[in-house]
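This report describes how selected strands, helices and side chains are arranged in a single protein chain. Please consult the sequence and the structure shown below while reading.

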Amino acid sequence: MFEKIHVQTIEMRAKHARSIRVKSDKKRLLLITPMLHQGGFERICVLTARLLQDQYEVYLAVFSMQDLFYDVSGLRVIDLQVGSVKGGIGKIWNIYRRVKRLRKLKKELHIDVSYSFGTTANIANVLSKYQDTTWAGIRGYSALSDRGATLIFRRADCVISCTKTMESDINRMFGTKKSATLYNPCDLSQIRLLSEQKIEKGFEPFLNSKGPLIASMGREDDLKGFWHLIKSFAVVKRTFSDAKLMIIGDGDYTEYKELAKKLGVLDSILFTGVQKNPFALLAKADIYALTSQSEGFPNALIEAMACKVACVSVNCKTGPAEILSDWPKEEVSNGYCQACYGILTPVFEGEKDLEPIITQQETQYAQELTKLLEDSQKRAWYRDKGQERAADFGIDRYVETIVNLIEG
């Protein structure tokens with residue numbers, strides 16, 4: 001799929017381990033992920049390998065190379081060839097195989113730090129500890145209720161969370177040997193460069209038409225709460241009849257299109273699907289809206305700020321308050337809050353509802369969007385402050401933090 005992919009099996013790696021040990025005195029970092037298919041933590045894993053490969057001997061161990069999506073050219077990738085299997089007994093046996101191969105790999109490569117991403121990788125990492133320091137990466141709250149959570153949190157030498165709130169909750173619920181927060185990195189210079197590129201001609205008629213544009217990004221997933229966004233948008237249309245909504249992300253959105261049709265706003269909504277460069281589209285927006293029920297760490301908010309877009313976000317469990325406010329110095333209420341870098345609103349209540357009935361909360365969220373659309377000075381202020389804030393989550397800050405953890 002990509003040129004110059006350096007993929008080895010564990011047996012091939014063993015042949016070179018001794019010579020590598022002689023050639024370099026750099027610390028050795030092993031990044032572990034189940035696959036390199038589309039996914040947030042897989043992207044972070046690959047990016048981390050690239051960012052650290054000049055300072056350290058970095059290896060990337062993958063349970064299976066099936067459905068490779070991310071470009072791993074130039075990286076040291078080791079295929080452990082222990083992909084997922086079905087059945088309870090098969091899964092238990094698979095854990096044993098993964099642990100055995102990882103332990104052998106750590107021993108042969110003289111690994112100093114093993115950093116895993118995702119529950120299955122975390123389990124194999126902490127159980128395969130040799131002489132390495134094991135880091136368990138936690139990217140979302142679902143990991144706290146996964147099987148094996150207690151094992152991971154108690155045995156990992158360090159638990160790496162993607163928000164400070166999550167780190168605090170893990171320490172309170174489980175207790176850890178050591179913990180740290182490592183915010184997801186955003187390549188801000190690359191985002192800004194991509195945001196200046198031309199958009200696809202097929203999108204031009206919609207995006208260049210008259211009227212303010214509200215944007216949101218995310219796959220078609222109930223956690224994203226897109227039905228709330230579409231209903232709120234229908235309320236915004238009562239004030240701004242020419243308003244437009246753009247949802248960027250994977251999925252066919254059939255049920256959401258049907259909802260929009262029932263509300264009479266389908267012609268004003270663009271579902272772009274997956275885009276290699278979503279930032280050129282995002283830069284066209286006046287407001288970025290986030291309506292998720294929960295998030296691990298919403299990179300999309302930072303990406304929107306980097307694209308000079310003002311943000312309105314629900315204050316869901318982790319992420320938005322730490323991004324849009326000067327948290328924890330700035331106190332953020334559970335109500336509506338004009339924070340330092342964006343507007344925070346309460347999390348939507350109730351189950352998924354695709355009927356064209358608009359709740360009071362959806363109306364109130366729409367009012368926040370409408371007020372921001374009406375106030376060009378406030379939008380401009382949030383655009384400027386947001387762009388400044390995005391720098392706190394850039395590549396340089398990420399590298400500085402993770403290097404301090406490795407060396408500390």
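## Parallel strands E6, E7 and E8

Strand E6 (residues 133-138) is joined by four bridges to E7, and the two run parallel. The model is a predicted one. Within this pairing, Gly137 has Ile160 of E7 as its bridge partner. The connection is a right-handed β-α-β unit made by E6, helix H5 (residues 149-155) and E7.

E7 also pairs with E8 in the parallel sense, over three bridges. Here Val159 stands opposite Ser179 in E8. From E7 the chain crosses through helix H6 (residues 164-173) to E8, and this β-α-β crossover is likewise described as right-handed. In a regular strand, side chains alternate between the two faces of the sheet. In strand E7 (residues 158-161), Cys158 and Ile160 point one way, Val159 and Ser161 point the other way, and all are buried.

## Strand E13 and its partners

How many residues of strand E13 (residues 310-314) are buried? Five of the five are, so the strand is largely enclosed by the rest of the structure. Ala310, Val312 and Val314 point one way from E13, whereas Cys311 and Ser313 point the other way.

Strand E12 (residues 287-290) runs parallel to E13 and is joined to it by four bridges. Ile287 has Ala310 in E13 as its bridge partner. A right-handed β-α-β unit is made by E12, helix H12 (residues 299-306) and E13. E13 is further joined by three bridges to strand E15 (residues 343-345), again running parallel. In that pairing, Leu344 in E15 is the bridge partner of Ser313.

## Helix H4

Helix H4 (residues 119-127) has nine residues, of which seven are buried, so the helix is largely enclosed by the rest of the structure. The buried residues of H4 are Thr119, Ala121, Asn122, Ile123, Ala124, Asn125 and Val126.

Which elements cover these buried residues? They include strand E2 (28-33), helix H3 (88-109), strand E5 (113-117), E6 and H5. E6 and H5 also belong to the right-handed β-α-β unit that ends in E7.

## Nonpolar cores

The largest nonpolar core has 91 residues, and the members that touch the most others are Phe153, Leu207, Ile214, Ile230, Tyr288 and Ile302. Helix H9 (residues 226-239) gives the most to this core, with eight residues. Apart from it lies another core, of 34 residues, among them Leu31, Leu60, Val77 and Tyr115. In soluble globular proteins, nonpolar side chains tend to be buried together.

Ile302 offers a closer view of the larger assembly. With residues up to four places away in sequence left out, Ile302 touches Cys186, Leu188, Phe297, Ile323, Ala390 and Phe393. Phe393 is itself buried, with a relative accessible area of 3%.

## Aromatic pairs and a charge over a ring

The count of aromatic pairs comes to 14. In one of them, the rings of Phe69 and Tyr70 have centres 5.1 Å apart and planes at 85°, so the pair is edge-to-face. Phe69 counts as partly exposed, at 36% relative accessibility, whereas Tyr70 counts as buried, at 15%.

The rings of Tyr183 and Phe393 also form an edge-to-face pair, because their planes lie at 75° with the centres 5.1 Å apart. This pair links distant parts of the chain, 210 residues apart. Tyr183 is in the loop between strand E8 (179-181) and helix H7 (188-195), and Phe393 is in the loop between helix H15 (376-390) and helix H16 (395-407). Elsewhere, ring pairs link Phe226, Tyr253, Tyr256 and Phe271 into a cluster. In addition, the charged end of Lys244 sits over the ring of Phe206, 6.0 Å from the ring centre.

## Phe279 in helix H11

Is Phe279, with 12% relative accessibility, buried or exposed? Phe279 counts as buried, because the cut-off for that class is under 20% relative accessible area. The residue lies in helix H11 (residues 278-282).

Neighbours within four places in sequence aside, Phe279 is in contact with Ile191, Leu194, Ser195, Glu303 and Cys307. The C-alpha atoms of Phe279 and Leu30 are separated by 31 Å, and these two residues are 249 residues apart along the chain.

Terms used: Residues numbered from 1 in each chain as written. Predicted model: local features only at pLDDT ≥ 70, side-chain atom pairs only at ≥ 80, totals over all residues. Heavy atoms only, no water. Core = buried A, V, L, I, M, F, W, Y, C linked by side-chain atoms within 4.5 Å. Buried < 20%, exposed > 50% of the residue type's maximum accessible area, 1.4 Å probe, protein only. Contact = heavy atoms within 4.5 Å. Phe/Tyr/Trp six-rings, centres within 6.5 Å; stacked < 30°, edge-to-face > 60°. Lys NZ or Arg CZ within 6 Å of the ring centre and 35° of its normal. Pairing = 2+ DSSP bridges. Right-handed = clockwise from strand over helix to strand, strands pointing away.
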